[in-house]
Amino acid sequence: MTDKAKINLLGMSRQELTDFFAQRGEKPFRAVQVLKWIHQRDCTDFAAMTDLSKAVRGWLADEAEVRTPEIVLEQSAADGTYKWLLRLDDGNCIETVFIPEDGRGTLCVSSQVGCALDCSFCSTARQGFNRNLTSAEIIGQLQVARGRMQPEDGQSRVISNVVLMGMGEPLLNFEPVLGAVSLMLEDNAYGLSRRRVTVSTSGIIPAMDRLHETLPVALALSLHAPNDALRNELVPINRKYPLGPLMDACRRYVGKGGHHSRVTMEYVMIDGVNDTPGHARELVRLLRDVPCKINLIPFNPFPDAGYRRSSETALARFRDILIQAGYTTITRRPRGDDIDAACGQLVGRVEDRTRRTLRYAKVPNASGVTPP
Ligand code: SAH
């Protein structure tokens, strides 16, 4: 049997692993044992799984494997941020970022190879789209990062939070994302609480409702504009899922019996585009009755972006209007931007299948805005 034909156990949920063992006449607790080896002890070699019988280890080695993405490049930034370029089986590469903060460590995970959404201010969009990631490729990012975060220097770097804010739109890759998230929450795997796993979306309404019904983890919405005309331009999926229905979906997400009291609204601050006091006041009106907090993200530049970051004055003025209106508002300082690890700078290496990279190559400044 060649390696290719082996079953990869890495992305299997507890239920899937239980079924896998049941089909082979084994007891359900085998699934728990194997989950712990893979996800808690970073062990990918069946021979080393010493609480399994020799016979089980033997047939596992023949039939199955634990295949993780391969690290092509590891970079660390001055502020302690790490970024990994990971190669997948088909040669495409994705990026994963670890961000240490006081008392916590956040892993920013990719969900697709590239992105199909074409948001005008995001460099991942310029890469085009290739394919969805599998559950194994999503959870594999935690596995690989945790392996690299061993406290060699005595400084513990624990992954305490996960955000699906890397490359791709997680809610357009629903099942594999759900499978990986269930492993993040599983006690015998990563054991994170629902509040410490955040799915970030550009606003795929039906999938927001499904997530709420199936696995209500924390939700972030990439809002970026206070009205439909501007959001259509910045986040084109808004034409399909406009702001009115989108705000209703946010209210449903945090509605009765929910695990979360608020949605996090992400708002990238772009000079002269969406950052005036008028925009702030419009945002206050839009978010009335939507339980939320607001993260302002200073725009992170990339080549030929065609946009500039808002000035500190514009940022402060915008933030003050939101705070005065009663919204918890945080200005996110760019992290790891010296290694292009900040929001919207993740590009990996994508074999584009949408021909978008061609379009941008022909019209480098497609937005019509003068680059900085
Ligand atoms: N597709 C999902 C997940 C990507 S998350 C989503 O849209 O939410 C990445 C976050 O970074 C999003 O909020 C995105 O809008 C933001 N972002 C993208 N490009 C950016 C840039 N150049 N500067 C700052 N933030 C950016």
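Let's start inside helix α7, which runs over residues 205-214: here Ile205, Ala207, Met208, Asp209 and Leu211 are buried. This is a predicted model, so please read each residue named here as part of a prediction. A helical rule of thumb is handy at this point: an α-helix has 3.6 residues a turn, so residues three or four places apart point the same way. With that in mind, what do the buried residues of α7 pack against? Their partners are helix α6 (174-185), helix α9 (243-254) and the strands β10 and β11.

Those two strands are a good place to go next. Strand β10 covers residues 197-201, and Ser200 lies in it. Is Ser200 buried or exposed? Its relative accessible area is 9%, and because buried means under 20%, Ser200 counts as buried. Leaving aside residues up to four places away in sequence, Ser200 touches Leu164, Met165, Glu169, Pro170, Ala220 and Ser222.

The last of these contacts takes us to strand β11, made up of residues 218-222, where Ser222 is found. Ser222 has a relative accessible area of 17%, so it too is classed as buried. With residues up to four places away in sequence again set aside, Ser222 touches Ser200, Thr201 and Ser202, and also Arg231, Val235 and Glu266.

Both serines also appear in a database record. The UniProt annotation "binding site", from an unreviewed entry, covers Ser200 and Ser222 along with Gly168, Glu169, Leu223, His224 and Asn300. Glu169, one of the residues under that annotation, is also among the contacts of Ser200.

Now let's step back to the whole chain. Its secondary structure comes to twelve helices and 14 strands. The C-alpha trace spans about 70 × 50 × 45 Å along its principal axes. How does the radius of gyration fit with a compact globule? For 372 residues, such a globule would have a value near 21 Å, and the chain has 21 Å, so the two agree.

Burial and contacts add to this picture. Of the 372 residues, 55% are buried. If you take the contacts between residues at least 6 apart in sequence, 67% of them join residues at least 24 apart.

Finally, we come to the outside and the charges. The accessible surface of the chain comes to about 16,200 Å², and carbon and sulfur atoms account for 49% of that area. The chain carries 47 positive and 44 negative charges, and the mean positions of the two sets are 3 Å apart.

Conventions
Residues are numbered from 1 along each chain as its sequence is written. This is a predicted model: local features need pLDDT of at least 70, side-chain atom pairs count only at pLDDT 80 or more; totals for chains, interfaces and linings use all residues. Side-chain values use heavy atoms; hydrogens and water are left out. Helices (H or I, at least four residues) and strands (E, at least two) are DSSP runs, numbered from the N terminus. The radius of gyration is taken over C-alpha atoms; the globule rule is 2.2 Å times the number of residues to the power 0.38. Buried means under 20% relative accessible area, exposed over 50%, partly exposed in between (1.4 Å probe, protein chains only). Contact means heavy atoms within 4.5 Å. Accessible areas come from the Shrake-Rupley method with a 1.4 Å probe; for residues, only the protein chains shown count as cover. Lys and Arg count as positive and Asp and Glu as negative; His and the chain ends are not counted. The place of a charge is taken as NZ of Lys, CZ of Arg, CG of Asp or CD of Glu. UniProt positions are given in the numbering used here, feature names are shortened, and annotations may be inferred rather than shown by experiment.
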